[in-house]
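Colleague: Could you walk me through this one? I would like to hear the reasoning behind the labels, not just the labels.

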Amino acid sequence: IADFCCLQQKLVIEIEGVVHDMGDQPSRDLVRFQYLKANGFRVLRVSARRVLEEAIGTAEAIAARAASPLHRPADGSPPRAGEAN
């Protein structure tokens, strides 16, 4: 179960508090994140403290990440040597 998910951008947002450091939770989180990534989702992990201390800035950062992912699908094959785009 994800805290938040934007299906259109395939972005999962996880708000992480101290419970994520306890017991077997770190290994369970790793398995879950690997599953999400294997299924085409990006996972953005945000500390609960940051959300509480900088709610607006955190929301803006999440929106910016959703709007411009680091990796975009290719628009096709790259041009061959000497060809223009």
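Modeller: Happily, and let me begin with helix 3. In this predicted model, the cover over the buried residues of helix 3 includes strand 2, strand 3 (42–47) and helix 2 (48–53).

Colleague: Which residues of helix 3 are the buried ones?

Modeller: They are T58, I62 and A66. Seen down the axis of helix 3, these buried residues fall within an arc of 75°, so they line one face of the helix. On the other side of helix 3 sit I56, E60 and A67, which are exposed.

Colleague: Why would residues at such spacings share a face?

Modeller: An α-helix has 3.6 residues a turn, so residues three or four places apart point the same way.

Colleague: What span does helix 3 have, and what is expected at 1.5 Å a residue?

Modeller: Helix 3 covers residues 55–67, which is 13 residues, and from first C-alpha to last it reaches 18 Å. The expected value is 18 Å, and the span is close to that.

Colleague: What about helix 1: which of its residues are buried, and what puts them on the same side?

Modeller: In helix 1 the buried residues are Q25, D29, F33 and L36. They cover an arc of only 65° around the axis, which puts them on the same side of helix 1. That buried set packs against strand 2 and strand 3. The face turned away from the buried side carries V31, Y35 and A38, which are exposed. As for its length, helix 1 has 14 residues and reaches 20 Å between its first and last C-alpha, close to the 20 Å expected.

Colleague: Why is E16 called buried?

Modeller: The cut-off for buried is under 20% relative accessible area. E16 comes to 15%, so E16 counts as buried. E16 belongs to strand 2, residues 11–16. Neighbours within four places in sequence aside, E16 is in contact with D29, F33, R45, V46, S47 and A48.

Colleague: And V51, buried, exposed or partly exposed?

Modeller: Buried needs under 20% and exposed needs over 50%, with partly exposed in between. V51 has a relative accessible area of 26%, so V51 is partly exposed. V51 is in helix 2, and beyond four places in sequence V51 is in contact with I15, V46 and T58. The C-alpha atoms of V51 and I15 are separated by 7.9 Å, with their positions 36 residues apart along the chain.

Colleague: What makes R49 exposed?

Modeller: R49 also has its place in helix 2. Its relative accessible area is 61%, and the cut-off is over 50%, so R49 is exposed. The C-alpha atoms of R49 and I15 are 9.1 Å apart, and the two residues are 34 apart along the chain.

Colleague: How do you know that the charged end of K10 sits over the ring of F41?

Modeller: The distance part of the rule asks for a position within 6 Å of the ring centre. The charged end of K10 is 4.8 Å from the centre of the F41 ring, and it is listed as sitting over that ring. K10 lies in the loop between strand 1 (4–6) and strand 2. At 33% relative accessibility, K10 falls between the two cut-offs, so K10 is partly exposed.

Colleague: What is notable about the phi of K10?

Modeller: K10 has a positive phi of about 50°, although K10 is not a glycine. Most residues other than glycine have a negative phi. Elsewhere, G40, just after helix 1, takes a positive phi of about 85°.

Colleague: How many aromatic pairs are there?

Modeller: Zero, with the limit for a pair being ring centres within 6.5 Å.

Colleague: What is the overall order of helices and strands?

Modeller: The chain has three helices and three strands, in the pattern β-β-α-β-α-α along the sequence. Of its 85 residues, 21% count as buried. Among contacts with a separation of 6 or more, 53% join residues 24 or more positions apart.

Colleague: And what is the confidence, for the chain and for its elements?

Modeller: The mean pLDDT of the chain is 81, and 74% of its residues reach 70 or more. Among the elements, helix 1 has the lowest mean, 88, and helix 2 the highest, 92. Where pLDDT is low, the predicted coordinates should not be read in detail.

Technical notes:
Residues are numbered from 1 along each chain as its sequence is written. This is a predicted model: local features need pLDDT of at least 70, side-chain atom pairs count only at pLDDT 80 or more; totals for chains, interfaces and linings use all residues. Side-chain values use heavy atoms; hydrogens and water are left out. Rings of Phe, Tyr and Trp (its six-membered ring) pair if their centres lie within 6.5 Å; planes under 30 degrees apart count as stacked, over 60 as edge-to-face and the rest as tilted. A charge sits over a ring if NZ of Lys or CZ of Arg is within 6 Å of the ring centre and within 35 degrees of the ring normal. Helices (H or I, at least four residues) and strands (E, at least two) are DSSP runs, numbered from the N terminus. Buried means under 20% relative accessible area, exposed over 50%, partly exposed in between (1.4 Å probe, protein chains only). Contact means heavy atoms within 4.5 Å. The expected span of a helix is 1.5 Å times one less than its number of residues. The arc is that of the directions from the helix axis to the C-beta atoms. pLDDT is the predictor's confidence in each residue, from 0 to 100.
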